Structures are given as structure tokens and as C-alpha cells.
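Reader: Please take a close look at one part of this model for me. I would like the aromatic rings and their surroundings, and then the chain interface.

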Amino acid sequence: MNQFLPNALLIMDREYRVRVNSRAFVIGTVLLAVLLAAGMLAPAVIGAIARDDPDRVAIYSGAQLDQDPIQAIQGVFLGGAAGNVSVFGAPEAQIVGVDDLRQAEAQVARGELHGLLTIDRRSDGTLAFRYVSADDATDPTRLLIQQGASALTIADRLSAAGLDPGQQAGVFRPPSFEAIELGGDGSGSNIYEAGGVGVVVVAIGLIVLAFVAIVTYGSWIAQSVAEEKSSRVMELLVTAATPFQLLAGKVLGTSLAALTQFAVVIAAATAGYVASGPLVQILGGNASPIFSLPSLSVVDVGLFALFFITAFLLYAVLFAGVGSLVSRQEDLQQALTPVMWLAVAGYGVSWVATSSLDSEWVRIISQVPFFSPFIMPIRILVGNAAAWEVGLSLVLLLGGTFVALWLAARLYRAGVLSYGQRPGIRQLWHAAREHT
Amino acid sequence: MSLVVDSISKRFGEIRAVDNVSFAIEPGRIFGFLGSNGAGKTTTMRMILDILRPDAGSITWRGASNTELPRRTWGYLPEERGLYPRMKVVEQLRFFAALYGVGRRSAETEIRYWLERFRIPEYAERKVEELSKGNQQKIQFLAAILHDPHVLVMDEPFSALDPVNTRLLKEAFLEMRDRGKTLVFSTHQMEQVEELCEAIAIIDRGRLLVSGAVRDVKRSMGRRLVRLATESQEGRAWLPDLPGVSLSQQREDYAELNVRDGIDPHTILHATLERGVRVTRFEIADPSLEEVFVEYVGRSAVDETETHLARAALPAGARSVPELDRR
């Protein structure tokens with residue numbers, strides 16, 4: 001163990017440079033950065049494009065009405081966001097009046113008009129609406145038109161009953177309605193109710209980021225170890241450096257390369273997010289950004305980083321240990337499967353947990369090292385984790401990482417030279433104990 | 001005062017890879033480690049380098065256990081060549097030199113010197129995978145010596161080398177020896193051993209059959225060779241009738257005779273001359289290492305096809321008289 005650092009740093013340095021200079025790394029990083037930046041900008045652009053060309057719905061009124069049907073229905077569309085239809089689904093439409101029914105019908109048939117609403121008054125005095133369009137029964141535009149039709153009908157009936165428009169406004173005034181949410185101490189048990197789209201985006205971002213990083217960069221490490229073994233450099237390396245130096249150097253070098261890629265990609269995504277605000281204004285769309293980030297304290301962000309890095313190291317050393325056990329590249333994927341499943345389990349469980357963050361099993365599982373890095377950050381995010389829970393989880397995770405490091409260094413020593421034979425657990429244990 | 005391998009054993013599962021092997025190597029000499037494939041040479045070398053730990057026994061260099069010696073004591077040329085295929089030659093050599101703690105500048109000087117010596121300075125900036133097998137081999141050798149190790153352990157260093165590169169490597173061996181290094185190499189090419197080694201060990205199926213100075217090992221055969229050529233071939237037929245003499249090979253150009261220890265080879269010459277036969281060649285020699293090997297192991301080091309036959313025919317570790325070629 002004497003002179004641990006120089007060799008570990010040398011190995012780290014080599015690993016980092018080889019990785020970062022590889023064509024796959026450069027292409028992958030650029031591609032990811034472009035994709036993420038584009039993804040951040042896309043909603044603004046799409047929004048602007050969609051706004052330029054709202055659907056046109058024509059109204060042909062063959063009935064005498066107190067209220068202007070065009071204004072009334074356009075009003076339903078403008079207020080629609082607050083109504084029955086969700087924010088994201090609110091359709092936009094420009095309501096126009098037409099005088100030539102035949103021409104309008106032809107335009108609908110040709111797709112030049114989105115739809116055509118005809119209003120007639122039957123002989124018994126009631127209003128009859130007919131809507132022609134390609135919309136199916138669940139189409140939001142059709143639903144809003146229908147809503148408008150009901151409003152018009154009610155207004156018409158009220159007029160017939162003798163209520164003037166001023167009185168009608170009184171009838172339609174919204175009720176005084178106060179909703180009280182129980183258990184509301186600001187924390188949530190569910191990311192979807194905890195604080196809007198921003199929390200959901202950040203929570204999902206944390207889970208996906210951790211998973212992708214662990215699986216992608218973990219595979220890099222395992223592959224790099226297996227490569228050294230199959231090219232037989234390993235035999236030379238183990239005479240020049242200790243297994244621990246090799247393991248540490250490799251994990252750190254790859255982690256730095258991963259961090260480099262992450263930094264570039266996140267910088268691109270942030271730039272895209274920041275630029276999307278002004279872009280929306282330039283393009284003349286909705287002035288508010290696609291979502292607003294929840295306000296996070298420095299402590300929170302620091303904790304996220306701590307969980308992320310520790311978890312990454314935990315998985316990384318396992319990947320390295322497993323990589324050292326295979327003698328041929330072709331066997332690598334198979335050997336990695338158990339570790340991969342561990343990560344997939346953590347990932348999957350955290351998805352289930354996002355909707356029941358205060359249940360007992362989530363509390364327990366967020367203390368388990370392999371799962372905690374996926375779940376605990378989200379509990380911190382929605383604010384339902386007690387300080388002691390966070391602390392304990394972190395301590396357990398760190399402890400688990402050290403155990404994994406100890407184990408992997410021994411696996412490494414036993415595995416690196418066992419060419420050909422596939423060592424069983426007992427042989428590995430034996431070999432591992434041999435070199436204490 | 002030397003490299004001492006003391007009763008080491010190593011088993012992998014049911015296989016005894018190395019079984020109670022002991023030998024000693026004098027410092028500043030070249031030592032040959034002979035055995036067929038799978039005899040336990042590589043395992044023994046890995047144990048010397050402390051890559052593997054023996055199940056029993058110990059290894060010391062100048063009195064210190066090999067588990068406690070600094071890593072740069074050793075230089076290692078593994079049998080399976082191992083370099084980073086996509087790394088440039090110089091970068092690779094710098095990397096390994098640095099791992100052993102060699103300063104940048106002295107590493108640089110040594111790299112230039114050796115690339116020049118091996119006649120490959122123009123390959124310095126090339127990737128290793130672009131080099132021929134022979135040149136990769138030379139780079140592998142450099143990776144083993146740049147840190148100026150006391151003991152060089154080399155597993156089959158001459159395999160896959162053409163005659164020119166073999167010559168260059170041999171010269172490098174001699175230079176390392178002259179610098180006071182101890183060299184250990186395994187091989188089954190007896191030619192190199194005859195030329196370079198002062199002492200040898202022969203190992204077979206994990207067991208040491210014999211070790212010591214080449215001359216002593218040859219003498220341990222209990223016989224010497226006489227090569228005798230006469231003007232007429234008829235004049236040799238009676239030779240095997242002499243006491244302690246047997247015919248080893250009857251060739252067109254000369255007869256090769258085994259002479260048991262205790263018999264003066266000159267009696268053959270006297271007897272021949274007494275019969276009035278004219279002698280054109282008379283030579284006394286020790287058996288070749290090839291013969292020594294065959295006799296100890298029961299089969300040729302290179303002739304792997306006969307391995308199974310030989311194994312079936314001989315009890316383990318038994319000394320055997322080889323089937324000599326009689327015409």
C-alpha cells in the first residue's frame with residue numbers, strides 16, 4: 001500500500017485520456033449535448049409554430065340569438081384552460097362566422113376549415129346544433145364546442161324565460177368555493193402533487209440520470225477491465241501496481257471522463273433551458289417558460305450530488321470487480337447481468353415509490369444502499385425525509401461503498417489472472433482471502 | 001545471496017501445477033527454465049513475481065521474501081504478450097516506466113537508447129497494434145527492463161522471433177547480464193539455452209527433475225559422447241563391443257557413441273588405431289541439452305504429439321532411457 005497515490009493517479013490519468021480521446025466519447029458527448037439542448041428548446045419552437053396557425057372553426061347561424069355565438073364560443077376556448085380540459089391539452093381555435101353554408105361545408109371536407117357548427121332554431125323554439133368535423137368523441141376541440149353550445153342554449157332559455165343579460169351574468173357568476181387539503185405541511189407523498197411540473201421534472205431527472213450514469217459508465221469500467229485482461233496487459237500491470245491501485249485508478253479515471261461528459265451535457269441542457277425563455281418571446285409564443293424549476297437549497301443540491309457520486313462509486317467498483325472475472329469480452333455482458341439487474345431494480349422501485357413516498361416500505365428501502373440513491377434524493381426533494389433518515393441512509397451508502405471496494409479489490413486480485421476457468425464463488429472467496 | 005525457490009507448491013483445484021519445487025539461481029547469471037507446455041513454468045514464474053502465492057514453500061531474493069520486496073526488483077516478460085494495442089509505443093513505455101517510479105527524463109533516455117539498439121526508433125510514435133509480432137516482442141522486453149530491475153523473469157522470450165530479432169534479443173540479454181542483472185527465462189528451444197545459460201532447471205508436470213549448472217546437469221547423465229569418423233565405414237562395426245561403450249547414432253559421416261562414466265574415451269581412439277583404421281575425426285562431448293531433456297522428461301520438449309504416449313508409458317517422475325535411434 002506504500003506509494004498508493006502515484007500509481008493510482010498514473011492509471012487514472014491514462015484511463016481518462018484514453019477514454020476522452022476516443023471517437024465514441026467525443027461523438028456521444030456532442031450528440032447528447034445537442035439532443036438535450038434541442039429538447040429544451042423544442043417546446044418553445046413547437047408552441048410558436050402551433051400558435052401561428054390555430055384551427056379555424058366556422059359558425060353558420062340560421063337562428064336569431066341575443067348573444068353573439070362567435071364571441072360566446074371563442075370565449076369558451078379562451079377560458080378553456082381554466083375549465084374541464086387540462087393545461088397541456090387546451091386546444092386553440094379561431095372562431096369565424098360564415099354566410100355561405102355550402103361553401104363552408106366544402107371547405108371542411110377539403111380540410112381548409114377544422115370544423116363547421118350550424119345553429120338552427122326548430123319550430124318548437126329550441127336550438128339545434130350540428131357540428132361537422134374530423135374530430136372524434138374525445139377531441140378537446142369538439143368538447144369545447146359542445147360546451148359552448150350548452151352555454152348558448154342555457155343563455156337562450158334564460159332569455160326566453162325573461163332574464164336580461166345583466167341578470168344572466170349574476171346566474172353564471174362562479175360560486176365561492178374553498179378547498180382545504182388535509183395533511184398539508186408543505187411536504188408531499190407524491191411527486192405529482194408536491195409542487196407542479198418542476199418537481200416532477202427534477203425528480204424524474206434525478207432517477208433517470210442516476211440510472212443512466214450507473215449503467216453507461218459502469219459498463220465502461222467493466223469493459224475497460226475486461227479489455228486489459230483479454231489483451232493480457234493485466235499480467236504486466238499486476239506486477240507493476242497493486243490491485244487496489246489498479247481498481248482505484250480505473251474507477252476514478254472513468255468517473256472523471258463520465259463527469260466531463262455530464263458537465264458538457266448538463267451545460268448544454270441548462271443553456272437550452274435558459275435560452276428557451278427569450279426564444280419564446282422572440283417567437284411570440286406564451287411568455288412563461290415550459291416549466292419552472294422548484295427552488296432548491298444549496299444543502300439539497302449538495303445532498304443530491306453526494307448521493308449521486310457515492311452511488312456511482314458503489315456501482316462502479318462492483319462493475320470493475322465483475323469485469324475482472326471474465327476472460328473474454330464476449331462473456332462480459334452475461335457476467336454483468338446481476339449488477340445490471342440491481343441497478344434496474346433500484347430504478348424500477350424508485351418509479352413505484354414516486355407515488356407513495358411516505359409509505360412504510362419506501363421508508364425502509366430508502367435506507368438500503370443499492371436503492372437509496374434512487375429514492376432518497378426524491379424524498380429530500382418533496383421534503384418528506386427527516387434529517388436522521390437522510391443521515392442514516394448516507395452513512396449506510398458510504399459503508400456499503402467501502403465494503404464493495406474492499407470486496408472488489410480482492411475479486412480483482414483473484415480474478416485478473418484466472419484466465420480460462422470461470423471461478424466459482426468458493427474459489428473466489430478462497431483466492432480473495434489468500435491475499436489479505 | 002541468490003534467488004532461492006524453496007519447496008513451493010501450488011494447486012488449482014485438482015491439478016497440482018507445481019509440486020514441491022526447489023532450486024537456486026546465482027545472481028548475475030542467466031538461468032534457463034526448461035519444460036514442455038503445461039509443465040508448471042509459468043506458474044512458478046508468477047509465484048516468483050508474487051502474482052500468485054504458493055500454497056506452501058517460500059521464495060527469497062538475497063535473503064528477503066519476495067512478498068516484501070519492492071515491485072521494481074522484478075522485470076517481467078509474460079508469455080502472452082500484453083500491451084495496450086491502441087497506445088503509442090513511447091507513451092506505453094513511459095506509462096510502465098512511471099508505474100515503476102522511474103523519473104521522466106531517465107525513462108526518456110533509456111527508451112531512446114533501446115529503440116535505437118533494437119533498430120526500431122522510427123516506431124516510437126506508432127500504435128503497438130501496427131507493429132509486427134517481432135517488434136511488439138521487443139517493446140514488451142523494453143517494458144520489462146526500463147525500470148532497471150535486479151531480476152528479469154521472462155516467459156518464452158524467443159517464441160515467434162525471426163533469426164535477426166533473436167540475435168538482437170540475445171545480445172540484449174548479455175548486456176543485461178554484464179550490467180549485473182540476474183536473468184531467468186523459460187523456453188523449450190534448447191539452442192538458446194546452450195548458448196546463453198550457465199545453469200538450468202528442468203521441470204515436468206509440476207515436478208523438478210533436475211537443476212544446477214549446465215555442465216553438472218549434463219554430467220549427471222553418467223555418460224559422455226564420442227564422435228568418431230574413419231576412412232571406411234566397415235571399420236566401426238566392432239565399436240559397441242568395447243566395455244562401457246554403446247552406439248548412439250550411426251550416421252553416414254560419423255558414428256556417435258555413448259561412453260559410460262569411468263571409461264576413458266581415449267580407449268576408443270586407441271582401439272581404433274590399433275586395428276589399423278585411419279581416424280579422420282575424434283571428438284569428446286557432453287550430451288546435448290536436447291538429449292538431456294529427452295532423457296529426463298521422457299519426451300522431447302518440442303514434440304508435443306508424443307506427450308500422451310510418453311505419459312502412459314512412464315511412471316511419473318521416473319528417469320528413463322530414451323529410445324535411441326538405431327539403424
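Author: The rings come first, then the interface, then two backbone angles. This is a predicted model, in which local features need pLDDT of at least 70, side-chain atom pairs count only at pLDDT 80 or more, and totals for chains, interfaces and linings use all residues. Residues are numbered from 1 along each chain as its sequence is written, chains are lettered from A and ligands numbered from 1 in the order in which they are written, and side-chain values use heavy atoms, without hydrogens or water.

A search of the whole structure gives 20 aromatic pairs over all chains. Rings of Phe, Tyr and Trp (its six-membered ring) pair if their centres lie within 6.5 Å; planes under 30 degrees apart count as stacked, over 60 as edge-to-face and the rest as tilted. Take Tyr347(A) and Trp351(A): their planes stand at 85° with centres 6.2 Å apart, so the pair is edge-to-face. Both sit in helix 12 (residues 332-353) of chain A, four residues apart, which means about one helical turn separates them. Helices (H or I, at least four residues) and strands (E, at least two) are DSSP runs, numbered from the N terminus. Tyr347(A) is partly exposed at 22% relative accessible area. Trp351(A) is partly exposed too, at 29%. Buried means under 20% relative accessible area, exposed over 50%, partly exposed in between (1.4 Å probe, protein chains only).

Now chain B. Phe141(B) and Phe173(B) are stacked, 6.0 Å centre to centre with 25° between the planes. This pair links distant parts of the chain: Phe141(B) is in helix 4 (residues 133-145) and Phe173(B) in helix 5 (residues 163-178), 32 residues apart. Both phenylalanines are buried. They belong to one aromatic cluster that also holds Tyr113(B), Trp114(B), Phe118(B), Phe158(B) and Phe185(B).

Charges meet rings as well. A charge sits over a ring if NZ of Lys or CZ of Arg is within 6 Å of the ring centre and within 35 degrees of the ring normal. Arg281(B) lies over the face of Tyr254(B), 4.5 Å from the ring centre. Arg14(A) puts its charged end over the ring of Phe95(B), at 5.7 Å from the centre.

On to the interface. Here 23 residues of chain B are in contact (heavy atoms within 4.5 Å) with 21 residues of chain A. About 2,300 Å² is buried between the chains, and carbon and sulfur atoms give 60% of that. Buried area is the accessible area (1.4 Å probe) that two parts lose on being put together, summed over both. Arg71(B), Tyr84(B) and Leu99(B) supply 29% of the area that chain B buries against chain A, more than any other three residues.

The rule finds one salt bridge across this interface. Glu235(A) and Arg46(B) meet in a salt bridge at 2.8 Å, N to O. The term means a side-chain nitrogen of Lys or Arg within 4 Å of a carboxyl oxygen of Asp or Glu. Helix 2 (89-99) and helix 4 of chain B each supply at least two residues of the side that touches chain A. Helix 2 of chain B gives the largest share, four residues.

Last, the backbone. Most residues other than glycine have a negative phi. Asn20(B), in strand 2 (residues 15-25) of chain B, has a positive phi of about 55°. Asp50(B) has a positive phi near 60°. Asp50(B) is buried, at 10% relative accessibility.
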